[in-house]
Amino acid sequence: MAAPLPPKGPGLTSMPPQSQPHGPPGSGPAQPPMPPQGALREISPVFLCRIGQETVQDIVTRTMEIFQLTRAAQLPNGVTQSQTVYQDRFGKLQEHLRQLALLFRKLRLLYERCVEMTSDLQEPPSELVPCVGEVAAPVRVEPCSLAVNQERQEVLEKVREKNQEMKILMDQMRNLLWDVNAMLTLRK
């Protein structure tokens, strides 16, 4: 089931180390155990998917940190800030963006490796979509009972009456506003 890895090249060896979310120890997901030395030649797609899942979690954490940094940033309002504060925030933002780019590259490499390892298992997309080529059986709808139809008609009538009342009130409010505006205009 697990395919041997190709010779060293631009594969998984160039992946950056995973970043850990900033928080108390024990609050984040547990790191998967590294495979034993003999198993380094064969890594299962499941293990790669677990690493990919943790990479996605790291991406989300980094993105949230970037949003927090940008939310805390003060917009220019004519007040000069300390240049060191600006440089510090800018440096943090640049570091987060650099780490985010590395995590996306790592995720891309993991994805490509998983696709490569499971290419014989994948089905064409047309077979994965449900109800393709199937005609749905028509559903028989029973007519409503007389009591339900009568109640529906009563509700519709009440809605029409309320709509008419609201229309009258809106017309009265419009006329009142015209009168008030006209009086204010005459005053000036």
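Is Cys 114 buried or exposed in this structure? Select Cys 114 to begin the tour, and keep in mind that the model is predicted. With a relative accessibility of 12%, Cys 114 counts as buried, because the cut-off for that word is under 20% relative accessible area.

**The two cysteines**

Next, add Cys 49 to the selection, and look at the sulfur atoms of the pair. The sulfur of Cys 114 is the nearest cysteine sulfur to that of Cys 49, at 3.9 Å, and Cys 49 is in no disulfide. Seen from the other side, Cys 114 is in no disulfide either, and its nearest cysteine sulfur is that of Cys 49. A disulfide is a covalent bond between the sulfur atoms of two cysteines. The cut-off applied here is a pair of cysteine sulfur atoms within 2.5 Å, and by this rule the structure has zero disulfides. Cys 49 is partly exposed, with a relative accessible area of 46%, whereas Cys 114 is buried.

**The nonpolar core**

Keep Cys 114 selected and add Ile 43, Phe 47, Leu 48, Ile 51, Leu 110 and Met 117, which together with Cys 114 form the largest nonpolar core, a set of seven residues. If you colour the helices, you can see that helix H1, residues 45-72, and helix H2, residues 83-117, are the elements that give two or more residues to this core. In soluble globular proteins, nonpolar side chains tend to be buried together.

**Along helices H1 and H2**

Stay in helix H1 and select Thr 55, which has its place there. Thr 55 is buried, with a relative accessible area of 0%. Now add Leu 107, and draw a distance between the two C-alpha atoms: they are separated by 6.5 Å, although Thr 55 and Leu 107 are 52 residues apart along the chain.

Then move to His 96, which lies in helix H2 and is buried, with a relative accessible area of 11%. Show the side chain of Glu 65 as well, since the side chain of His 96 makes a polar contact with it at 3.3 Å.

**A patch on the surface**

For the last stop, select Leu 176, which is found in helix H4, residues 146-187. Leu 176 is partly exposed, with a relative accessible area of 48%. Adding Met 173, Val 180, Met 183 and Leu 184 to Leu 176 completes a nonpolar surface patch of about 480 Å².

How values were computed:
Residues numbered from 1 in each chain as written. Predicted model: local features only at pLDDT ≥ 70, side-chain atom pairs only at ≥ 80, totals over all residues. Heavy atoms only, no water. Buried < 20%, exposed > 50% of the residue type's maximum accessible area, 1.4 Å probe, protein only. Core = buried A, V, L, I, M, F, W, Y, C linked by side-chain atoms within 4.5 Å. Helix = DSSP H or I, 4+ residues; strand = E, 2+ residues; numbered from the N terminus. Patch = residues over 30% accessible without salt bridge, like charges linked within 9 Å, V, L, I, M, F, W, Y side chains within 5 Å. Areas by Shrake-Rupley, 256 points an atom, 1.4 Å probe, with all protein chains shown as cover. Salt bridge = Lys/Arg side-chain N within 4 Å of Asp/Glu carboxyl O. Polar contact = N/O pair within 3.5 Å; in protein donor to acceptor, adjacent residues only side chain to side chain.
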